[in-house]
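Please look through the report below with the structure open beside it, and locate each residue as it is named.

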Amino acid sequence: MPTVLLMALALSSQAFKEIAPVRTEVITPIHQDSFNKGGKAKNRRQGGNPRIVDGNLLFDGSSDGDRQVDPQIAVGGGYVLHGTNGGIVIYDKEGHYVDGVPRPEFNDGIDPKLFFDPHNRVFGFDLWVYWDKAKIKPVNISISETSDPRGAWNTYPVPSPKEVDGGAIGYSKKWIAYSFPGGSEETFVMKMGEVKAGKPATVYHFAGSLGEPAYNQDKMDELVFVKLTDTDIILTTVGEAKDGSPVVKKVVTAPHHFEYFGWPPESPMKGTNLKTASGDRNPKNLAIQGHFLWFSQAVDVNGRAGIQWHQVRLDGKFVQSGLLANPQNSYIQTSVAVNKHNDLLVGFQETGPDMFISGRCAWRKDSDRDGKLRPIIKLGEGLAATKGGPWGDYSGSVVDGDNLTDLWTIQSVATAKGTGGTVIARIRP
């Protein structure tokens, strides 16, 4: 961690000095008048097949490649936007396929992370290109101009020449943020108003990493970044300086007292000695709702992968935590969604010595007993063992940006060939 951030963490809140970006650059966007470039883009047709199972809407997402990498969704404007390493697909909110394009149609890249900003009514996602000949390794930040993902988009290629795999995107009412490992400048911030309008946008680069940016569903201008250490949770707030630029305004450090915090071990599958990756003890998505931070993590629970989920105040004090664990099977690749009533959904996958990788979720009402989820919902059953090793990298869970009530999740499911399929589900608490 850079010296300037270490010093900031040591200061009391009364003595805290704002931390400014270390440099800026202006990026001119690549504009396209429509998602499919007026019908000239190559078509990508994946998924659909909507059905109602136990009262919940389910439909298929993409099933590309030998393993399903980075399945993500964002919901708003009457649509579901879905992304994987293969490309971007649009469905309506009843699960019918609308349109789809491969990743090169958005300046190429992999590892998409998607969001719908309910404040500005736009979609956004990132694609990272690490193989470009110019070696600038751009992070392509794409933002729709309206809530209709079929319409116009603007893509901002931000150079990140020392980036390595593992970027994360977040937003607030005023800003969009991206953090990634690699180099001495691992966080940048842009103004949402500039990128939504498709204008040349100033990119503000910060020294080191501020942490992973959260999806700020509250009507707040500020961004919140989160880091976990072996002992503490660190929340960093970025707001607007007098000159209109973003600055670090507050850093809060508090003990987390996690019951489990070991890295999750690889998980078994039926009919093979190969094991699959289980995920990351660092959260893959974070949401701010009701002035609380919400996230989940995959951890080692008595030698198997399990899931912890948390509700945390913005001063770092934990409100409640819960555990999903099984004496035989592993729970892997988790994400969360929370709605305006503080109802929570935890998405994940289940695998074990007598089953294949299968999609799961569980949810709770805000009025339910602290730390408890309702019974696990089975979204789809795996059909074969995979080749082992990396699997999916992520799952995705989000609130519906139109009503801020319905909860959505996308989870990977092993196909009959042992490759990656996905299932998308709408849960209405």
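## P213 and its surroundings

In this predicted model, P213 is found in strand β17. Is P213 buried or exposed? Its relative accessible area is 1%, and because buried means under 20% relative accessible area, P213 counts as buried.

Leaving aside the neighbours within four places in sequence, P213 is in contact with A168, I169, G170, A177, S179, V224, F225 and L286. A separation along the chain can also be set beside a separation in space: P213 and K227 are 14 residues apart in sequence, while their C-alpha atoms are 9.3 Å apart.

## The largest pocket

Rolling a probe the size of a water molecule over the atoms shows where empty space is left. The largest pocket of this model has a volume of about 690 Å³, and its lining is made up of 33 residues. Which of these residues lie nearest the centre of the largest pocket? They are G166, E212, D280, N282 and K284.

Several strands take part in the lining of the largest pocket, and at least two residues each are supplied by β9 (110–117), β13 (168–171), β17 (212–213) and β19 (223–228). Strand β19 gives the most, with three residues. When the lining residues of the largest pocket are divided by character, 12 are nonpolar, 11 are polar and 10 are charged.

## The second largest pocket

The second largest pocket holds about 180 Å³ of space and is lined by 16 residues, of which D60, V413, T415, G421 and T422 lie nearest its centre. The elements that give two or more residues to the lining of this pocket are β31 (377–380), β33 (407–414) and β34 (420–427).

Which strand provides the largest share of the lining of the second largest pocket? That share, three residues, comes from β34. By character, the lining of the second largest pocket divides into five nonpolar, eight polar and three charged residues.

## The sheet that contains β31

Strands of a sheet pair through backbone hydrogen bonds, either parallel or antiparallel. Strand β31, which was named above for its part in the lining of the second largest pocket, also belongs to an open sheet of four strands, in which the order is β28-β29-β30-β31 and the pairing is antiparallel. The edge strands of this sheet are β28 (330–338) and β31, each of which pairs on one side only, and neighbouring strands are turned against each other by 25 degrees on average, direction ignored.

The pairing of β31 with strand β30 (residues 355–364) is antiparallel and runs over three bridges. To follow one residue pair across these strands, begin at G359, whose bridge partner in β31 is G380.

## The sheet that contains β5

Another open sheet of four strands has the order β5-β6-β7-β8, and its pairing is antiparallel. Why is one side of β5 and one side of β8 left without a neighbour in the sheet? Strands β5 (72–76) and β8 (97–102) stand at the edges and each has a single partner strand, so one side of each has no neighbour there. From one strand to the next, the twist of this sheet averages 15 degrees.

Five bridges join β5 to strand β6 (residues 79–84), and these two strands pair in the antiparallel sense. Within this pairing, I73 stands opposite H82 in β6.

Key:
Residues numbered from 1 in each chain as written. Predicted model: local features only at pLDDT ≥ 70, side-chain atom pairs only at ≥ 80, totals over all residues. Heavy atoms only, no water. 1 Å grid on protein atoms, 1.4 Å probe; cavity = no way out; pocket = protein on both sides within 12 Å on 5 of 7 lines; lining within 4 Å. Points joined across faces, edges and corners; volume = space filled by probe spheres on them. Nonpolar A, V, L, I, M, F, W, Y, C, P; charged D, E, K, R; others polar. Buried < 20%, exposed > 50% of the residue type's maximum accessible area, 1.4 Å probe, protein only. Contact = heavy atoms within 4.5 Å. Pairing = 2+ DSSP bridges. Axes fitted to C-alpha atoms, helices over the stretch in contact; angles between N-to-C directions.
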